[in-house]
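Reader: I'd like to learn how to read a model like this one. Could you walk me through it?

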Amino acid sequence: MCGIVAYIGKKEAYPIIIKGLKRLEYRGYDSAGVALFNEDLRVYKKKGKVNDLVSFVKGKNLEGHVGIGHTRWATHGEPNDINAHPHTSDDGRLTIIHNGIIENYATLKEALIKEGHTFTSDTDTEVLIHLIGTLQDKDNLKLEEAVRIALSQVVGAYAIVILDKDDPTKLVAARKASPLVLGIGQNEFFLASDATPLVGYTSQVVYLNDEEIAVVSNDGTFEIKTFDNEIQTPYVQRLNMNIEKLEKGDYEHFMLKEIYEQPNTIADCMRGRVNAAAGWLKMGGIEVQEERIFNAKRFIMAACGTSWHAALIGEYLFEELARIPVEVEYASELRYRNPIINKDDVVIALSQSGETADTMAALELAKEKGALIYGIVNSVGSSISRITDSGSYIHAGPEIGVASTKAFTGQVTALTLMAIYMGYKRGTIPKSYYHQLLEGLEKIPAKVKEALECDNQIKKLATKFINTNHTLYLGRGYNFPVALEGALKLKEISYIHAEGYPAAEMKHGPIALIDENMPVVVIATNKSAYEKIASNIQEVKARKGIVIAIVTKGDTEISKIADYTIEIPDTEEPFTPLLSVIPLQLLSYHIALARGCNVDQPRNLAKSVTVE
Ligand code: F6R
C-alpha cells in the first residue's frame, strides 16, 4: 500500500507529482506529502487526501525540477501530519518516501536512539532515513552506497526514493517486495509505485526487480545495480496505457465507470482467445506449459478478497468442465501452514494488482516446492506476473475504484476459458457442448450490457436500504461465491454488515437472524438448484425476511414469493456468475452512495495490499 511518485528533469516537479499521487490514491489516502528542491528543500505534508495537501500548499513556494511525493495507507503510526511522508534525516539533509514495512524498525530505532538520534514521528520510515544518513556521514559514503548498506540491515518490504538536498542532481531509489517503476523521458525520469503516473509523460518503462537500486540523474543518465553491487542491463518496455482509462470521464465515480466497462473488458479478455464460428479457443499461457498443466494432479488456487471469490468460481468451473481436482486457498493461510504442495501441482494465483503481499509469498513458497506457478493477473508487469511460470492477463485495464468489479469478471472470464480449454482437450466436454459454450461465451458481453439495464431499478431499490444494519446474501452452486462477493462489495463500500452463505447453510445458523428487518439477497437463477433455492426463499419469507431475488429473465415463480426481483439474461449455467454479479455490484454502489459514503475510497481500505 501507499503510493510513491518522484520526478527529476527540466519540468516543474510539483504538478507531475500531484497528478501522479491522485492516480495512485487507490493505494492509500490517509495522508499525503511532497518534498521539492529549488535552492532549498521544502517538505509539505498533510493528513487526509491528496486534495487536502493541494489546499494546504496553496500560495506556498512549489518550485523545483526535482521532487518526491507520497500518499499513505498507515501501518506504523496513526494517520496525522507528522507521520505523513516524506520523512527526513536528523540534519534535514535526506528526505525519503517509502511504501512497505520495515519489520525490524524497533531494534534499529533503539540502536539509533542510543547514538543520540531523536525521532519526530512514530513511523518505521523515519528510522530508515536516520540509518541511511548516519551510515553516509560515518564513512562519507555516496548516497547510493549508504542506501545499499542500510538495506542490508533492514528486514521487510520497501520501495523507496531518496532526495539529498546537498546533491539534488540525482534521486536514489530501491525496492524489495514492493513495486517500483522507472519511467524514462527526454533527460528526465519518473519513479512510481505503478505505471499510471507516467501515462502522458513517457511510454518507456523499466520495472525494477527485487533488491535493485536505481540512481537517476538530471543529466539524463541512470544506473541500476543489485544489492550485491552488480550493474544491471535494464529491460526497457513499452507502456501500453492511455489517459482515458485513468480518468472518470462522464461517470460520477470510478467504480460506476468500471462496472459499466464490463461488456468491453470481458470482450477484451476473450479477444484472440475465442472464435465460435471457427470452433476454437486458445489459451497461450496453457499452451506454453501444456505438458505440466495437463499432467497436473491437482490445481491449487491462491488469492485474497474478491480474487479469492473468483477462485472459488474457478473451482466449480474446473471440476465440472475439466474434471480436475481443485483446492482454493486464502493466500495468507496457505503461506503459513506448511502446506503439502508437490512438483506435479499447478498453483494458480489470482490478483488484480499483481502486488498482494500474501499472494506473492504463497507463490514463492509454492515455487520453492517445485509447483508450476500460473498467474491470472490484471496489472501488466506487476510482481506476481513476473514470478509466474506462465499465465493469462485478464486485460481489464487499470481498476481504480477500491472495490474490485471489472477485475472480478475478468478473472472469472479467464478461469472459464481455461476450464473449457482443458475440458475439451481432456475429453470431459463433448464436442457439441463445447461449441455451445463457445457460442454462449461470445454472447456474454452483450448480455452483461443487458444486465446493466437494471441500474435504475436498483437505484430506486437502494433507497429502501439506507438504514439497514445487516444483510444476508444467499446462493447455490456457481452463485454461492457470487453471494460472497455481493456481501463483500456491500460491506466494504457502504459499511453495512453483510454475510454471504450457501443458501442451504442458512438453516444451520444464520436463519436465527432473519426477521422483518433483515434484507436477504438471493441469487435464484433458473438452473440446476432452482427448486432448492425457491424453497430457501420460502424459508426466509416464513420468517418475514425481505427477499431481493436475482432471477433469470422471464421467471414467473420467484417473483410471486420475493419482495423484489431483478432480472438478468439467461445463459449457460457455468457463465451465470458473469451476469449475476452485475446487479450486486450496482446494489452496493447505490446503497453506499445513498448513505453518503466515499464509494471509490472506502475507509481503512487500499487497493494494493502490499503488507501482509
Ligand atoms: C475487494 C477487493 C479486495 C481485493 C484483494 C486482493 O473489492 O478489491 O478484496 O480483491 O485485496 O487484491 P488483488 O486482486 O490485487 O490481489
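Author: We'll go through salt bridges, then one helix residue, then one strand. Keep in mind that this is a predicted model.

Reader: Fine, salt bridges to begin with. How many does the structure hold?

Author: The structure holds 31 salt bridges. The general idea is a side-chain nitrogen of Lys or Arg within 4 Å of a carboxyl oxygen of Asp or Glu. Take Lys-138 and Glu-115: their closest N and O atoms are 3.9 Å apart, so the pair makes the 4 Å cut-off.

Reader: What does the pair of Lys-138 and Glu-115 tie together?

Author: Lys-138 belongs to helix H4 (residues 124-139), while Glu-115 sits in the loop between helix H3 (105-114) and H4, so the bridge ties together parts 23 residues apart in sequence. As for surroundings, Lys-138 counts as exposed at 54% relative accessibility, and Glu-115 is partly exposed at 46%.

Reader: Which residue forms a salt bridge with Glu-327?

Author: That's Arg-298, with the closest N and O atoms 3.0 Å apart. Here two strands are involved: Glu-327 is in E18 (residues 326-330) and Arg-298 in E17 (residues 298-303), so the pair ties together parts that are 29 residues apart in sequence. Glu-327 is partly exposed, with a relative accessible area of 34%, whereas Arg-298 is buried at 16%.

Reader: And Asp-358 with Arg-335, how far apart are their closest N and O atoms?

Author: They are 2.6 Å apart. This bridge links distant parts of the chain, with Asp-358 in helix H12 (residues 357-368) and Arg-335 in the loop between helix H11 (331-334) and strand E19 (345-351), 23 residues away. Asp-358 is buried, at 11% relative accessible area; Arg-335 is buried too, at 18%. Bridges can also share partners: Asp-91, Arg-93, Asp-137, Asp-164 and Asp-166 are joined into one network that way.

Reader: Now a single residue. Is Thr-125 buried or exposed?

Author: The trick is to check the relative accessible area, where under 20% means buried. Thr-125 has a relative accessible area of 1%, so it counts as buried. Thr-125 lies in helix H4.

Reader: Which residues does Thr-125 touch, leaving out those up to four places away in sequence?

Author: With those left out, Thr-125 touches His-85, His-87, Ile-96 and His-98. You can also check spacing between backbones: the C-alpha atoms of Thr-125 and Tyr-158 are separated by 9.5 Å, and these two residues are 33 apart along the chain.

Reader: On to strands. Why do people talk about the two faces of one?

Author: Because in a regular strand, side chains alternate between the two faces of the sheet. Now try E12 (residues 212-217), which is mostly covered, with six of its six residues buried. Glu-212, Ala-214 and Val-216 are on one side, with Ile-213, Val-215 and Ser-217 on the other, and both faces are covered.

Reader: Which strands pair with E12?

Author: Strand E8 (residues 170-176) pairs with E12 in the antiparallel sense over six bridges. To find your place there, look for Val-172, whose bridge partner in E12 is Val-215. E12 also pairs with E13 (residues 222-226), again antiparallel, over five bridges. In that pairing, Val-216 has Phe-222 as its bridge partner in E13.

Reader: How many residues lie between the strands in the hairpin of E12 and E13?

Author: There are four, and Gly-220 in this hairpin takes a positive phi near 90°.

Definitions and conventions
Residues are numbered from 1 along each chain as its sequence is written. This is a predicted model: local features need pLDDT of at least 70, side-chain atom pairs count only at pLDDT 80 or more; totals for chains, interfaces and linings use all residues. Side-chain values use heavy atoms; hydrogens and water are left out. Buried means under 20% relative accessible area, exposed over 50%, partly exposed in between (1.4 Å probe, protein chains only). Contact means heavy atoms within 4.5 Å. Two strands pair if DSSP finds at least two bridges between them.
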